[in-house]
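User: I'm new to this one and would like to know how its labels are earned. Could you take me through the reasoning?

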Amino acid sequence: QAHCPQKAQRRVAVIERLMRRGLRNGDLSPRLKSPTLARCFLGMIEFHITACLAGSGACSTRRAARELVSLFLHGAGTRNGLERTDEVDARSKAAEA
């Protein structure tokens, strides 16, 4: 019962539908497809729960849920950090050429 592929597939399907809706509404970037977004989101949640069960803190709190959703939707980088990443990417591409 601990590992049930049908339950996992249903869970992924529900989250994937939410991701498709977010893509349609313009809430999510169209750079990624809904299956990828769903797997990434669920992976983040699964790892958080696993870490909590291993003893590294409170697991299922509303605050943790809000933080994880915010991280998924908005990322962890600051605007300046993203600009620096773009600069590094541009330099790497120039060096490859």
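User: What makes arginine 20 and glutamate 16 a salt bridge?

Analyst: The closest N and O atoms of arginine 20 and glutamate 16 are 3.3 Å apart. A salt bridge needs a side-chain nitrogen of Lys or Arg within 4 Å of a carboxyl oxygen of Asp or Glu, so this pair counts. Bear in mind that the model is predicted.

User: Where do arginine 20 and glutamate 16 sit relative to each other?

Analyst: They are four residues apart in helix H1, and that puts about one helical turn between them. As a rule, an α-helix has 3.6 residues a turn, so residues three or four places apart point the same way.

User: Why is glutamate 16 called buried?

Analyst: Its relative accessibility is 19%, and buried means under 20%, so glutamate 16 makes the cut. Its partner, arginine 20, has a relative accessible area of 35%. The range for partly exposed lies between 20% and 50%, so arginine 20 is partly exposed.

User: What does glutamate 16 touch?

Analyst: Leaving out residues up to four places away in sequence, glutamate 16 touches Ser34, Pro35 and Ala38.

User: How do you know that the buried residues of H1 line one face?

Analyst: Those residues are Ile15, Glu16, Met19 and Gly22. Looking down the axis of H1, they fall within an arc of 115°, so they line one face of the helix. They pack against helix H2 (34-53) and helix H3 (62-74). Turned away from that buried side is a face with the exposed residues Gln9, Arg10, Arg24 and Asn25.

User: How does the length of H1 compare with what is expected?

Analyst: H1 covers residues 5-25, which is 21 residues. From first C-alpha to last it reaches 30 Å, close to the 30 Å expected at 1.5 Å a residue. Glycine 26 follows H1, with a positive phi near 85°.

User: How many salt bridges are there, and what makes arginine 63 and glutamate 67 one of them?

Analyst: The count comes to two. The side chains of arginine 63 and glutamate 67 meet at 3.1 Å, N to O, and the cut-off is 4 Å, so they qualify. Both residues lie in helix H3, four residues apart, or about one turn.

User: Is arginine 63 buried or exposed?

Analyst: Arginine 63 is exposed: its relative accessible area is 58%, and exposed means over 50%. Glutamate 67, at 44%, is partly exposed.

User: How many disulfides are there, and what would make one?

Analyst: A search of the whole structure finds zero. To count, a pair of cysteine sulfur atoms would have to be within 2.5 Å. As for the cysteines themselves, cysteine 40 is partly exposed at 46% relative accessibility, whereas cysteine 52 is buried at 10%.

User: Which elements make up the protein as a whole?

Analyst: There are four helices and zero strands, so the order from the N terminus reads α-α-α-α. Of the 97 residues, 14% count as buried. Among contacts with a separation of 6 or more, 36% join residues 24 or more positions apart.

User: Where is confidence highest, and where is it lowest?

Analyst: Helix H1 has the highest confidence, at a mean of 92, and helix H4 (residues 79-96) the lowest, at 65. For the protein, the mean pLDDT is 82, and 76% of its residues reach 70 or more.

Terms used
Residues numbered from 1 in each chain as written. Predicted model: local features only at pLDDT ≥ 70, side-chain atom pairs only at ≥ 80, totals over all residues. Heavy atoms only, no water. Helix = DSSP H or I, 4+ residues; strand = E, 2+ residues; numbered from the N terminus. Expected span 1.5 Å × (residues − 1). Buried < 20%, exposed > 50% of the residue type's maximum accessible area, 1.4 Å probe, protein only. Arc of directions from axis to C-beta. Contact = heavy atoms within 4.5 Å. pLDDT = per-residue confidence, 0-100.
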